[in-house]
Amino acid sequence: MTQLRYNISAFVGCPPCKKWANKDPTKQTDEYLEWYVQHEEHCMDNHMGSSAAMEAEGTSVLYHRSVEELGVCYNPRIADGDSKSHDRINREQPYGPDHPVKKEECVGHVQKRCGTNLINLTNKWKGM
Ligand SMILES: [Zn+2]
């Protein structure tokens, strides 16, 4: 639970900005720019970039402050198969070069990937 609380506090989306992103993905119209000038000082969005970049950034923040704030090391890391966050942690070595963070796959994600592949194979060979 503690990890989830800290993770949420690391990056916050901004509902009004999300609403605009759906309405006007280019964000180049006069209407949007006029709205944003008024909104900017109240904006809660603190991350620019892809969701994958946000996950890697959030993971980095969590690992770098875990010892100081909680007195714990997150090791091994239970991952979802996406290696970008883990690659970044390995590169940054938040616990020092003598304490590499090991990666273990989340069994739920492995099960989902296996299930999807089995369904695809079943569909491919259907009628043969
Ligand atoms: Zn905003």
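**Figure 1. Helix 6, a helix in the open, from a predicted model.** Helix 6 takes in residues 107-125, 19 residues in all. At 1.5 Å a residue that should give a span of 27 Å, and the end C-alpha atoms do sit 27 Å apart, so expectation and model agree. None of the neighbours crowd in enough to bury any part of it: the number of buried residues in helix 6 is 0, so the helix lies largely in the open. After helix 6 comes Gly127, with a positive phi near 85 degrees.

**Figure 2. The whole chain, for orientation.** Along the sequence the pattern reads α-α-α-α-β-α-β-α, which adds up to 6 helices and 2 strands. The radius of gyration is 20 Å, well over the 14 Å that the globule rule gives for 128 residues, so the chain is more spread out than a compact globule. Along the principal axes, the C-alpha atoms fill a box of roughly 55 × 55 × 25 Å. Just 5% of the 128 residues count as buried. Even so, among contacts between residues at least 6 apart in sequence, 71% join residues at least 24 apart.

**Figure 3. Helix 4 and its bend.** Helix 4 covers residues 51-70 and bends by about 35 degrees at His64. Its buried residues include Ala56, Thr59, Leu62 and Tyr63. As a reminder for reading that list, an α-helix has 3.6 residues a turn, so residues three or four places apart point the same way. Just past the end of helix 4, Gly71 has a positive phi of about 70 degrees.

**Figure 4. The cis peptide bond at Asn75 and Pro76.** Zoom in on the loop between helix 4 and strand 1 (77-79), where Pro76 lies. The peptide bond joining Asn75 to Pro76 is cis, with omega at about 5 degrees.

**Figure 5. Ala79 in strand 1.** Ala79 has 18 C-beta neighbours inside 10 Å; burial takes 20 or more, so Ala79 counts as partly exposed. Skipping neighbours within four places in sequence, Ala79 is in contact with His86, Lys103, Glu104, Glu105 and Cys106. Strand 2 spans 103-105, so three of those names will look familiar there. Val107 is 28 residues away from Ala79 in sequence, with 9.3 Å between their C-alpha atoms.

**Figure 6. Gln93 and Pro94, side by side in the loop between helix 5 and strand 2.** Helix 5 runs over 84-92, and Gln93 sits in the loop that leads on to strand 2. Gln93 is not a glycine, yet its phi is positive at about 45 degrees. With 13 C-beta neighbours inside 10 Å, Gln93 counts as partly exposed. Pro94 lies in that loop too, but has 21 C-beta neighbours inside 10 Å and so counts as buried. Beyond four places in sequence, the contacts of Pro94 are Tyr63, His64 and Ile89. That ties this view back to Figure 3: Tyr63 is one of the buried residues of helix 4, and His64 marks the bend. Asn22, by contrast, is 72 residues from Pro94 along the chain, and their C-alpha atoms are 37 Å apart.

**Figure 7. Residues 1-8, to be taken with caution.** Over the chain, pLDDT averages 85, and 91% of the residues score at least 70. Residues 1-8 are another matter: pLDDT stays under 50 there, and the model has 5 contacts for them beyond four places in sequence. Where pLDDT is low, the predicted coordinates should not be read in detail.

Methods
Residues numbered from 1 in each chain as written. Predicted model: local features only at pLDDT ≥ 70, side-chain atom pairs only at ≥ 80, totals over all residues. Helix = DSSP H or I, 4+ residues; strand = E, 2+ residues; numbered from the N terminus. Buried ≥ 20, exposed ≤ 12 C-beta atoms within 10 Å, placed from the backbone. Expected span 1.5 Å × (residues − 1). Rg over C-alpha atoms; globule rule 2.2 N^0.38 Å. Contact = placed C-beta atoms within 7 Å. Bend = angle between axes of the 7 residues up to and from the residue. pLDDT = per-residue confidence, 0-100.
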